[in-house]
Amino acid sequence: MLEQLKSNNRAWAERMISADAGFFRRLEHQQAPEYLWIGCSDSRVPANEIVGLDPGELFVHRNVANLAPPQDANYLSVLQFAVDVIKVKHVMVVGHYGCGGVAAAVDGQRRGLVDHWLHPIREVAHEHRNTLEAIPEARARLNRLCELNVIRQVRNVASDVFVQDAWARGQTLSVHGWVYSLANGLVNDLNVTVSCLQEIERLG
Ligand code: CO
């Protein structure tokens, strides 16, 4: 199995070089992506492929259920590096419909450590319980929670001090909320983009 992957890798590297001889040499010396992608670890949501970007064009952070928890050192390190050093222009939080992590947060089963990780989603579900309970169909209810989770993570990113300091010094930076559909491969822009401090308020 792994031999197949290594052979795939050699073929891929050769294809890249035949299309552009200097490709790897250029990337070796610096990366200058304009985008930070915060997405789910789900294997069906491959960041670069979905938006047609090459190596070097997308800074990526993925975890279970695309969370941006304000106490998570891993996410914060990525965010600070992206904002302060790389100076990305856009951060997109990208959830996906039918997310197993989001479903697991609210199905009442015990799984261990991940139950703690998913706690912020239960808070979102609790805050929006009236909206969610009014949706009769379980799949549609889950998908709405996937959207509400993305909106909350957009608010987390936009509220972060690294982002707020960037805005205060006049840096151009927008935070977007998208949800990807496994069914048709399309991204749904939730239109919750925040580009300055004042716009956070409209996220509710
Ligand atoms: Co997921």
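**Helix 9, a pocket and a cobalt ion**

Analyst: With 5 residues, helix 9 contributes the most to the lining of the largest pocket. Keep in mind that this is a predicted model: local features need pLDDT of at least 70 and side-chain atom pairs pLDDT 80 or more, while totals for chains, interfaces and linings use all residues. Numbering runs from 1 along each chain as its sequence is written, and side-chain values use heavy atoms, leaving out hydrogens and water.

User: Which residues line the largest pocket?

Analyst: Ala103, Val106, Asp107, Leu132, Ala138, Arg139, Arg141, Leu142 and Leu145. Two or more of the lining residues come from each of helix 5 (100–106) and helix 9 (138–159). Helices here are DSSP runs of H or I, at least four residues, and strands are E runs of at least two, numbered from the N terminus.

User: What makes an atom a donor, and which are the protein donors of the cobalt ion?

Analyst: A donor is an N, O or S atom within 2.8 Å of the metal (3.2 Å for Na, K and Ca). Cys40 (SG), His96 (NE2) and Cys99 (SG) lie 2.0 to 2.3 Å from the cobalt ion, so they fit. Along the sequence, their spacing reads C-x55-H-x2-C. Cys40 sits in strand 1 (residues 35–40) and His96 in strand 3 (residues 90–96), so this pair ties together parts 56 residues apart in sequence.

User: Does Cys40 count as buried or exposed, and why?

Analyst: Buried means under 20% relative accessible area, exposed over 50%, partly exposed in between (1.4 Å probe, protein chains only). Cys40 has 6% relative accessibility, so it's buried.

User: And why is His96 called buried?

Analyst: His96 is at 1% relative accessibility, so it counts as buried too.

Definitions and conventions: On a 1 Å grid over the protein atoms alone, a cavity is a set of points where a 1.4 Å probe fits but cannot get out, and a pocket is an open set with protein on both sides within 12 Å along at least five of seven lines; lining residues have an atom within 4 Å of a point.
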